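Visitor: I am new to this structure and would rather understand one part well than skim the whole. Please choose one place, look at it closely, and then connect it to the rest.

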Amino acid sequence: LALIETRPDAFLVAGDGDDLAGFLTFGAFRAGPGYAATAEHSLIVKPASQRQGTGRRLMTAGETAARGLGIHVMVAGISSANPAAIGFHAALGFEQVGYLPEVGRKAGRWLDLVLMQKILQTRP
């Protein structure tokens, strides 16, 4: 619920009835009007639903929703310890644009962050 409150722009879910397979949410990348057309997303797909097209369907729907809201660029911040997520985003047209060493911490260890982006629509 806290994630929904922090990402008010969009929250999409995939599942069958009460069985949640995954979700995608996106919202502001950074504060300030200069970043209003840039969104950062989070995509979570439960292990049993991975490699079945769930993530791809959620990303496709999320990109469509973002375009409808005038989003120009979608950003993903991915742990370098998650090469599957990096490969998934690359397969969908995201490009690595940054690498931030030791900016995250989980389970007592420092994690590097890979920044990827996809330009969703061109602006005149």
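**One residue and its surroundings**

Guide: Leu111 has a relative accessibility of 15% and therefore counts as buried, the cut-off being under 20%. Please keep in mind that this is a predicted model. Leu111 is part of strand β6, which covers residues 109-119.

What does Leu111 touch, apart from its neighbours within four places in sequence? The contacts are Ser79, Ala81, Leu100, Glu102, Val103, Gly104 and Lys106. Of these, Ser79 is 32 residues away from Leu111 along the chain, yet the two C-alpha atoms are separated by 6.5 Å. Gly104, another of the contacts, stands opposite Leu111 in the pairing with β6.

That pairing is the next thing to look at. Strand β5, residues 95-106, runs antiparallel to β6, and 8 bridges join the two. Together β5 and β6 form a hairpin, with 2 residues between them. Ala107 is in the turn and has a positive phi of about 55°. Most residues other than glycine have a negative phi. The loop between β5 and β6 is where Ala107 is found, and Ala107 is exposed, because its relative accessible area is 80% and the cut-off is over 50%.

Glu102 also has a phi near 55°, again a positive value in a residue other than glycine. Its place, however, is in strand β5. Glu102 is among the residues that Leu111 contacts. Whereas Leu111 is buried at 15%, Glu102 is exposed at 53% relative accessible area.

Elsewhere in β5 sits Gln96, which is partly exposed with a relative accessible area of 48%. Once neighbours within four places are set aside, Gln96 is in contact with Val114, Leu115 and Met116. From Gln96 to Ala76 the C-alpha distance is 9.2 Å, with their positions 20 residues apart in sequence.

Met116 leads from the hairpin into the interior. The largest nonpolar core has 18 residues, and Met116 is listed with Phe26, Ala66, Met74, Ile78 and Phe94 as having the most contacts inside it. Several elements each supply at least two residues of this core: β2, β3, α2 (54-68), β4 (73-79), α3 (83-91) and β6. In soluble globular proteins, nonpolar side chains tend to be buried together.

Phe94, one of the core residues with the most contacts, shows how several parts meet. Residues up to four places away in sequence are not counted here; beyond them, Phe94 touches His41, Met59, Glu63, Met74, His89, Met116, Gln117 and Lys118. Two of these can be followed further. His41 in β3 stands opposite Phe26, and Met74 in β4 stands opposite Ala39.

Behind those two opposite positions are two strand pairings. β2 (residues 19-28) pairs with β3 (residues 38-45) in the antiparallel sense over 7 bridges. β3 also pairs with β4, this time in the parallel sense and over 3 bridges. β2 has 7 buried residues out of 10, so the rest of the structure largely encloses it. β4 is mostly covered as well, with 5 of its 7 residues buried.

The hairpin strands also have a part in the largest pocket, which holds about 970 Å³ of space. β5 and β6 each supply at least two residues of its lining, as do β3, α2, β4 and α3. The most comes from β3, with 5 residues. In total 30 residues line the pocket, and those nearest its centre are Leu43, Gln50, Asn82, Ala84 and Ala85. By class, the lining has 12 nonpolar, 13 polar and 5 charged residues.

Last, the setting for this part. The chain comes to 3 helices and 6 strands, following the pattern α-β-β-β-α-β-α-β-β along the sequence. The hairpin of β5 and β6 is the final β-β of that pattern. Of the 124 residues, 32% count as buried, and Leu111 is one of the buried residues. Among contacts between residues at least 6 apart in sequence, 53% join residues at least 24 apart. The contact of Leu111 with Ser79, 32 residues apart along the chain, is of that kind.

Conventions:
Residues numbered from 1 in each chain as written. Predicted model: local features only at pLDDT ≥ 70, side-chain atom pairs only at ≥ 80, totals over all residues. Heavy atoms only, no water. Buried < 20%, exposed > 50% of the residue type's maximum accessible area, 1.4 Å probe, protein only. Helix = DSSP H or I, 4+ residues; strand = E, 2+ residues; numbered from the N terminus. Pairing = 2+ DSSP bridges. Core = buried A, V, L, I, M, F, W, Y, C linked by side-chain atoms within 4.5 Å. Contact = heavy atoms within 4.5 Å. 1 Å grid on protein atoms, 1.4 Å probe; cavity = no way out; pocket = protein on both sides within 12 Å on 5 of 7 lines; lining within 4 Å. Points joined across faces, edges and corners; volume = space filled by probe spheres on them. Nonpolar A, V, L, I, M, F, W, Y, C, P; charged D, E, K, R; others polar.
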